[in-house]
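These are my notebook entries on one chain. I looked up its fold, its core, its pocket and a few individual residues.

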Amino acid sequence: MSTAESPGRPAPAWAAAPTPAGRSRLGHIALLAFAVAAAVDLGSLLAGWHLGHVVAKPLLMPLLVTHMATRGAPRLLLAALLFGWGGDLALLFDAEPAFLVGMGSFAVGHVCYLVLFGKRPANPLVGGAYALALLGTVALLWSDLPPDLRIPVAGYSLLLTAMAFRSSALGLRAGIGGGLFLLSDTLIATGVAEWPQLPRPDFWIMATYLAAQYLLATGATSREAGVR
């Protein structure tokens, strides 16, 4: 007989199921910690403090996952965020194999998002705009990308664009999140192609990425709560 089942003796605090109030408190704490970690990460990128970025970046997605889990987020959403975390960790290493691993992890996350979004109808005009953006971006980048990265980047770009388009079916919040994800990864691709960059390009990449993941997560949860 387990401790929780023993007659005449209450279960210890660690064995008790979390109450709705406890889950809500944990969710608020995780969201606040996510905001703090994001501020530290972005501030470190602006200040050129590499150690701060290395410490803060790995905390971001686990904190967002914790927050979303307390809100009853679908498992596919949590998986998408965790694969994003895998990509975050890989991209901390400045090497082509790490870049490919990170891109692959993000790609699996996009597949999770696409399955989560399902077959809801989306505006075909938005789809047409995304298709034109995809074709134009890949065509412009193609000759400037390293030859061994051209096919992987093109394939990833197709998957990412599909995710961004399909996110619009869940509403404005998720749709903006999908668009920002596309923008963030396009900024990475222009860096790989050695195009001229904005000042502090890593700051803009992370700022758009963090906004994208948060908006996708909260936008998907508002429509998918209760789905497992």
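The entries below go from the whole chain to single residues.

**Entry 1: the chain as a whole**

I note at the outset that the model is predicted. I looked up the secondary structure and found eight helices and zero strands. Read along the sequence, the pattern is α-α-α-α-α-α-α-α. I then checked burial: the chain has 228 residues, of which 39% count as buried. For the surface I recorded an exposed area of about 11800 Å², with carbon and sulfur atoms supplying 71% of it. I also looked at contact range. Of the contacts between residues at least 6 apart in sequence, 73% join residues at least 24 apart.

**Entry 2: the nonpolar core**

Which residues have the most contacts inside the largest nonpolar core? I found L77, L81, F181 and L210, in a core of 47 residues. The elements that give two or more residues to this core are α1, α2 (50-70), α3 (75-90), α4 (96-117), α5 (124-142), α6 (147-167), α7 and α8 (201-224). As background, I wrote down that nonpolar side chains tend to be buried together in soluble globular proteins.

I followed L77 further. Leaving aside neighbours within four places in sequence, L77 is in contact with M68, Y113, L116, A217, A220 and T221. L77 is also listed among the buried residues of α3, together with L78, A80, L81, G84, G87, D88 and A90.

**Entry 3: helix lengths and buried faces**

I compared end-to-end distances with the expected spans. The 16 residues of α3 should span 22 Å at 1.5 Å a residue, and the end C-alpha atoms are 23 Å apart, so the two values agree. Helix α6 has 21 residues and reaches 31 Å from its first C-alpha to its last, close to the expected 30 Å. Helix α7, residues 172-192, also has 21 residues; its reach is 30 Å, close to the 30 Å expected.

I then listed the buried residues of two of these helices. In α6 they are L149, V153, Y156, S157, L160, T161, M163, A164, R166 and S167. In α7 they are A174, G175, G177, G178, F181, L182, S184, D185, A189 and T190. F181 thus appears in the buried list of α7 and among the core residues with the most contacts.

**Entry 4: the largest pocket**

I recorded a volume of about 810 Å³ for the largest pocket. Which of its lining residues are the closest to its centre? They are L91, D94, I188, D202 and I205, out of 32 residues in the lining. The elements that give two or more residues to the lining are α1, α2, α4, α7 and α8. On the approach itself, I noted that rolling a probe the size of a water molecule over the atoms shows where empty space is left.

**Entry 5: A37 in helix α1**

I found A37 in helix α1, residues 20-47. Is A37 buried or exposed? A37 has a relative accessible area of 7%, under the 20% limit, and therefore counts as buried. Not counting residues up to four places away in sequence, A37 touches A56, L59, L60 and L63. I also took the distance from A37 to H53, 16 residues along the chain: the C-alpha atoms are separated by 9.4 Å.

**Entry 6: positive phi between α7 and α8**

Most residues other than glycine have a negative phi. I therefore looked up the exceptions here, E194 and R200. E194 follows α7 and lies in the loop between α7 and α8. Although E194 is not a glycine, its phi is positive, about 60 degrees. E194 is exposed, with a relative accessible area of 70%.

R200 lies in the loop between α7 and α8, and its phi is near 50 degrees. With a relative accessible area of 43%, R200 is partly exposed.

**Entry 7: W204 in helix α8**

My last look-up was W204, which lies in helix α8. Its relative accessible area is 39%, so W204 is partly exposed. Not counting residues up to four places away in sequence, W204 touches L187, L198 and P199. W204 and L42 are 162 residues apart in sequence, and their C-alpha atoms are 8.7 Å apart in space.

Key. Residues numbered from 1 in each chain as written. Predicted model: local features only at pLDDT ≥ 70, side-chain atom pairs only at ≥ 80, totals over all residues. Heavy atoms only, no water. Helix = DSSP H or I, 4+ residues; strand = E, 2+ residues; numbered from the N terminus. Buried < 20%, exposed > 50% of the residue type's maximum accessible area, 1.4 Å probe, protein only. Contact = heavy atoms within 4.5 Å. Areas by Shrake-Rupley, 256 points an atom, 1.4 Å probe, with all protein chains shown as cover. Expected span 1.5 Å × (residues − 1). Core = buried A, V, L, I, M, F, W, Y, C linked by side-chain atoms within 4.5 Å. 1 Å grid on protein atoms, 1.4 Å probe; cavity = no way out; pocket = protein on both sides within 12 Å on 5 of 7 lines; lining within 4 Å. Points joined across faces, edges and corners; volume = space filled by probe spheres on them.
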